[in-house]
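Here are some short exercises to help you read a protein fold step by step. Try each task yourself before you look at the solution.

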Amino acid sequence: MPKPSSRISGIVPSGKNGWEIHFAAMTRKQAGDRVIMLSVGDHDFDTPEGTVEACVEAVRGGHHHYTQLPGLPRLRAALAALSQECTGTETSPDEIMVTIGGQGALYAAFQAVLDPGAHAVIVSPYYATYPGTVRAAGGRYTEIETHAENNFEPSLSEIEAALEADTRAILINSPNNPTGAVYSRETIERIAEICRERDLWLLSDEVYWTIRSEKEHISPRALPGMKERTLVINSLSKSHGMTGWRVGWLTGPAGMIAVMTNLNLVATYGLPDFTSHAAIAAAENGFGLREIAELYTRRREAFLDAIRGMNGVIVRGSEGGMYVMLDIRAIEEDCEKFAWDFLNEEDVAVLPGASFGKAARGHIRISMCQDEETLREAAKRLQRFIAARLDKSGQTAAAG
């Protein structure tokens with residue numbers, strides 16, 4: 001058999017992506033084991049009924065055909081209104097390109113801003129697909145490590161030090177997956193300043209913009225001089241409960257969006273017609289928007305309350321998104337070993353922080369995609385698991 005291209009072979013060079021624990025737990029659960037799945041960011045509830053019914057009506061109404069490459073005009077208008085709310089700046093439909101999920105938006109953004117061999121800066125911890133998406137564009141990247149003790153806010157001096165002559169873009173994610181950190185206005189403003197000074201693109205993953213605590217969400221697109229150099233990655237997956245529908249979008253300068261539409265021509269040929277109509281209904285009517293945000297706020301608070309004062313762990317970030325990040329270095333430096341042992345001994349699946357970059361080593365990410373009772377049960381199992389290890393080592397460190 002002829003060899004695959006080096007670009008495809010290099011997307012995940014090691015063949016290992018850190019999700020082995022999740023898939024092992026899923027296999028056990030499907031076999032009948034009573035495993036608590038706190039590993040993946042997929043809702044434990046169905047898509048809101050209004051969205052589903054809109055899709056059914058669209059299928060029965062004959063919406064089985066091709067759509068415009070950048071998205072149906074009405075869908076682009078609805079997403080422009082959402083983007084305006086998300087970013088805090090006026091947005092028109094011609095500044096919107098609909099993609100196959102948020103990952104499709106991320107992929108399109110890097111294809112658009114990186115030539116083969118060009119350089120990008122990504123902030124760690126990061127969503128697990130970031131490095132592979134850069135490599136899929138033929139690019140290179142430098143990983144900037146944030147620090148748990150600084151609540152995972154990026155260091156501006158480290159970003160500046162990582163810039164190269166052929167750097168084309170910086171990628172940030174706030175509210176952050178996996179840490180739940182929400183970047184401060186000062187941090188976002190300084191990163192924007194760097195992009196203006198160096199004539200860089202700023203890629204801003206804002207998929208979790210609706211799911212946060214009282215801390216303000218700042219989109220760099222609204223800052224002076226940034227509308228023309230910012231590409232905002234977004235999705236209906238988390239905000240509207242539509243993970244499996246694969247509806248994402250990019251917000252950016254109209255001229256850039258027009259050029260990027262060529263990528264949809266050769267990659268996807270647009271979003272499915274009936275799915276688009278479901279997305280229109282969800283976006284225009286806000287199906288699930290407020291309820292989902294409030295649900296995850298309650299769940300996060302319930303879990304944090306359940307582990308408050310727990311010896312051996314420290315809460316880091318966890319201000320937004322669907323996750324809680326726990327520093328478990330007082331118990332076990334090897335977070336992958338901790339996660340495997342936790343699954344095997346207590347039947348709870350979490351993800352090791354190292355799956356999301358070097359900066360999250362010694363941490364575990366816990367998904368809030370279960371009901372409050374299940375989360376409290378998981379907290380009890382975590383306490384029991386940690387207590388057994390503290391008894392052996394005599395160490396103490398309290399969650400806070």
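Before we start, a definition: two strands count as paired if DSSP finds at least two bridges between them. Keep in mind, too, that this is a predicted model.

**Exercise 1. A four-stranded sheet**

Task: Work out which strands stand at the edges of the open sheet that holds β9, β10, β13 and β12.

Solution:
- Step 1. Write down the order of the strands, which is β9-β10-β13-β12, with antiparallel pairing.
- Step 2. Look at the two ends of that order: β9 (314-316) and β12 (351-352) are the edge strands. Each has a single partner strand, so one side of each is left without a neighbour in the sheet.
- Step 3. Follow the pairing from β9 to β10 (residues 323-327), where three bridges link the antiparallel strands. Here Arg 316 stands opposite Met 325 in β10.
- Step 4. Check how the chain gets from β9 to β10: the two form a hairpin with six residues between them. In the turn, Gly 317 has a positive phi of about 60°.
- Step 5. Move on to the next neighbour, β13 (residues 363-367), which is antiparallel to β10 and joined to it by five bridges. Tyr 323 has Ser 367 in β13 as its bridge partner.

**Exercise 2. The two faces of a strand**

Task: Find out which residues of β10 point one way and which the other way.

Solution:
- Step 1. Recall a general rule: in a regular strand, side chains alternate between the two faces of the sheet.
- Step 2. Apply this to β10: Tyr 323, Met 325 and Asp 327 point one way, while Val 324 and Leu 326 point the other way.
- Step 3. Ask about burial, for which the cut-off is under 20% relative accessible area. Five of the five residues of β10 are buried, and the strand is mostly covered.

**Exercise 3. Another enclosed strand**

Task: Decide how many residues of β2 (residues 96-100) are buried.

Solution:
- Step 1. Count the buried residues: four of the five qualify, so β2 is largely enclosed by the rest of the structure.
- Step 2. Find a partner: β2 runs antiparallel to β8 (residues 247-251), and five bridges join them. One of the matches is Ile 96 with Thr 251 in β8.

**Exercise 4. Two helices that cross**

Task: Describe how α12 (residues 335-346) and α13 (residues 372-393) pack.

Solution:
- Step 1. Take the geometry: the angle is about 110°, and the axes are 11 Å apart.
- Step 2. Classify the angle: α12 and α13 are therefore roughly perpendicular to each other.
- Step 3. Add the handedness: α12 passes α13 in a right-handed crossing.
- Step 4. Sort the residues of the contact, which are six nonpolar, no polar and six charged. From α12 they include Phe 338 and Asp 341, and from α13 they include Leu 382 and Arg 389.

**Exercise 5. Two residues and their surroundings**

Task: Say whether Leu 82 and Thr 210 are buried or exposed, and list what they touch beyond four places in sequence.

Solution:
- Step 1. Start with Leu 82 in helix α4 (residues 73-87). Leu 82 counts as buried because its relative accessibility is 5%.
- Step 2. List its contacts: Leu 82 meets Trp 209, Leu 236, His 240, Trp 249 and Ala 283, leaving aside neighbours within four places in sequence.
- Step 3. Turn to Thr 210, in the loop between β6 (201-205) and β7 (230-235). At 13% relative accessibility, Thr 210 is also buried.
- Step 4. Finish with its contacts: Thr 210 touches Ser 239, Leu 289 and Ala 293, not counting residues up to four places away in sequence.

Conventions: Residues numbered from 1 in each chain as written. Predicted model: local features only at pLDDT ≥ 70, side-chain atom pairs only at ≥ 80, totals over all residues. Heavy atoms only, no water. Axes fitted to C-alpha atoms, helices over the stretch in contact; angles between N-to-C directions. Parallel < 35°, antiparallel > 145°, perpendicular 65-115°, else oblique. Left-handed = near helix turned anticlockwise from the far one by under 90°. Contact = heavy atoms within 4.5 Å. Nonpolar A, V, L, I, M, F, W, Y, C, P; charged D, E, K, R; others polar. Buried < 20%, exposed > 50% of the residue type's maximum accessible area, 1.4 Å probe, protein only.
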